[in-house]
Amino acid sequence: MEDRNDGKALSARSAVLSALLGSHPPSLPARHLVRVGGLFGIAKGTVRVALSRMVAAGDLLQEDGRYRLSERLVERQARQDESRDPHLRAWDGSWEIAVVTAERRAPADRAALRHAMTALRMAELREGTWMRPANLLRPWPETVTAQCTLIDGRPRTDPTPLLWDLDGWAAEARELERRLERAEGLAEGFLVSAAVLRHLLADPLLPAELLPDGWPGRELRDRYDAFDRRYREVLQRHLTSPAGP
């Protein structure tokens, strides 16, 4: 999901993206997206204008009254799904290190690299030097291999505290667990669901050996999965019911 507002206010664009990013497959009829907007007091016309603009911008594809995510956003949904059920491998103590060695990079190339590194859950030790424990299973995109030299190494001291704010992530995860327990109604559930998914995307997915005691990553995922199963059933009934906006 896409929401970046923890209050009740939500833009039509964010409501549409959140609904589609949370749907499998990521395709919904216009009337369902209008009803999602209605949860937040967004007028039908406002939602339909947002849909037209998102199609024009290449965010959505439209066919026979249904809207689906573009390829770029389908990739984002895949990262979101991966954050809920990550593909990990046993960690042998080695780290992945990517050092920028390409010269005369255009601003667009720099931005693409930063985006790719974030998706790979790499962290920047200093400008142009990215690293993380080698415990994730995923390919290196061409954006990275064209601009960086890749190295496998073992730091002499643990750089984890320099790379991630684990205490901050854990504190927010525990607050989100409380919000999941307290969430009432479709609108509030929609917002907290989006907030949890966004937070899981920021989980560095470190090996257990590098995590502090009581790390809440697994617990947040388990609680969210249970919440999401219940919430999706209620939301689907709302979207398909004869009554409604």
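**Stop 1: helix H2**

Select the buried residues of H2: Ala-30, His-32, Leu-33, Val-34, Arg-35, Val-36 and Gly-37. The model you are looking at is predicted. H2 is mostly covered, with 7 of its 9 residues buried. What do these buried residues pack against? Show H1, strand E1 (27–29), H3, E3, H9 and H10. Each of those elements is a packing partner of the buried part of H2.

**Stop 2: helix H1**

Now move to H1. Is it enclosed or open? Count the buried residues: 9 of the 10 in H1 are buried, so this helix is largely enclosed by the rest of the structure. Select Ala-12, Ser-14, Ala-15, Val-16, Leu-17, Ser-18, Ala-19, Leu-20 and Leu-21 to see the buried ones.

**Stop 3: the largest nonpolar core**

Keep Val-16 on screen and add Leu-33, Leu-51, Leu-60, Val-196 and Leu-220. The largest nonpolar core has 54 residues, and these six touch the most other members. Which elements give two or more residues to this core? Colour helix H1 (12–21), helix H2 (30–38), helix H3 (44–56), strand E3 (66–69) and strand E4 (95–100). Then add helix H8 (166–182), helix H9 (185–201) and helix H10 (217–240). H9 gives the most, with 9 residues.

Zoom in on Leu-51. Leaving out residues up to four places away in sequence, Leu-51 touches Val-16, Ala-30, Leu-33, Leu-60 and Tyr-67. Apart from the largest core lies another core, of 9 residues. Select some of its members, including Ala-98, Ala-116, Leu-120 and Trp-130.

**Stop 4: Gln-77**

Go to helix H4 (residues 71–84) and pick Gln-77. Is Gln-77 buried or exposed? Its relative accessibility is 5%, and buried means under 20%, so Gln-77 counts as buried. Next, show its contacts beyond four places in sequence: Leu-20, Leu-21, Gly-22, Ser-23, His-24, Pro-26 and Leu-69. Draw a line from Gln-77 to Leu-20, C-alpha to C-alpha. The two are 57 residues apart in sequence and 8.9 Å apart in space.

**Stop 5: a cis peptide bond**

From Gln-77, step to its contact His-24. A cis peptide bond joins His-24 and Pro-25, with omega about 0 degrees. Pro-25 sits in the loop between H1 and E1.

**Stop 6: two positive phi angles**

Select Asp-64, in the loop between strand E2 (60–63) and E3. Phi of Asp-64 is near 50 degrees, a positive value in a residue other than glycine. Turn on the surface here. Asp-64 is exposed, with a relative accessible area of 73%.

Now jump to Arg-121, in the loop between helix H5 (107–119) and strand E5 (123–126). Its phi is also positive, about 60 degrees, although Arg-121 is not a glycine. Is Arg-121 buried or exposed? At 8% relative accessibility, Arg-121 counts as buried.

**Stop 7: two annotated stretches**

Select residues 12–72. UniProt, in an unreviewed entry, lists these residues as "domain: Transcriptional repressor PaaX-like N-terminal". Over this stretch the chain is 56% helix and 18% strand. Its end C-alpha atoms are 20 Å apart.

Then select residues 89–139. The unreviewed UniProt entry annotates them as "domain: Transcriptional repressor PaaX-like central Cas2-like". Here the chain is 25% helix and 29% strand, and the end C-alpha atoms are 13 Å apart.

**Stop 8: zoom out**

Show the whole protein as a cartoon. How many helices and strands are there? The protein has 10 helices and 7 strands. Along its principal axes the C-alpha trace spans about 65 × 45 × 25 Å.

Colour by burial next. Of the 245 residues, 46% are buried. Switch to contacts. Among those with a separation of 6 or more, 75% come from residues 24 or more positions apart.

Show the surface. The accessible surface comes to about 13,100 Å², and 51% of it belongs to carbon and sulfur atoms. Last, colour the charges. There are 37 positive and 36 negative charges, and their mean positions are 5 Å apart.

Definitions and conventions
Residues are numbered from 1 along each chain as its sequence is written. This is a predicted model: local features need pLDDT of at least 70, side-chain atom pairs count only at pLDDT 80 or more; totals for chains, interfaces and linings use all residues. Side-chain values use heavy atoms; hydrogens and water are left out. A nonpolar core is a set of buried Ala, Val, Leu, Ile, Met, Phe, Trp, Tyr and Cys residues joined through side-chain atoms within 4.5 Å. Buried means under 20% relative accessible area, exposed over 50%, partly exposed in between (1.4 Å probe, protein chains only). Helices (H or I, at least four residues) and strands (E, at least two) are DSSP runs, numbered from the N terminus. Contact means heavy atoms within 4.5 Å. Accessible areas come from the Shrake-Rupley method with a 1.4 Å probe; for residues, only the protein chains shown count as cover. Lys and Arg count as positive and Asp and Glu as negative; His and the chain ends are not counted. The place of a charge is taken as NZ of Lys, CZ of Arg, CG of Asp or CD of Glu. UniProt positions are given in the numbering used here, feature names are shortened, and annotations may be inferred rather than shown by experiment.
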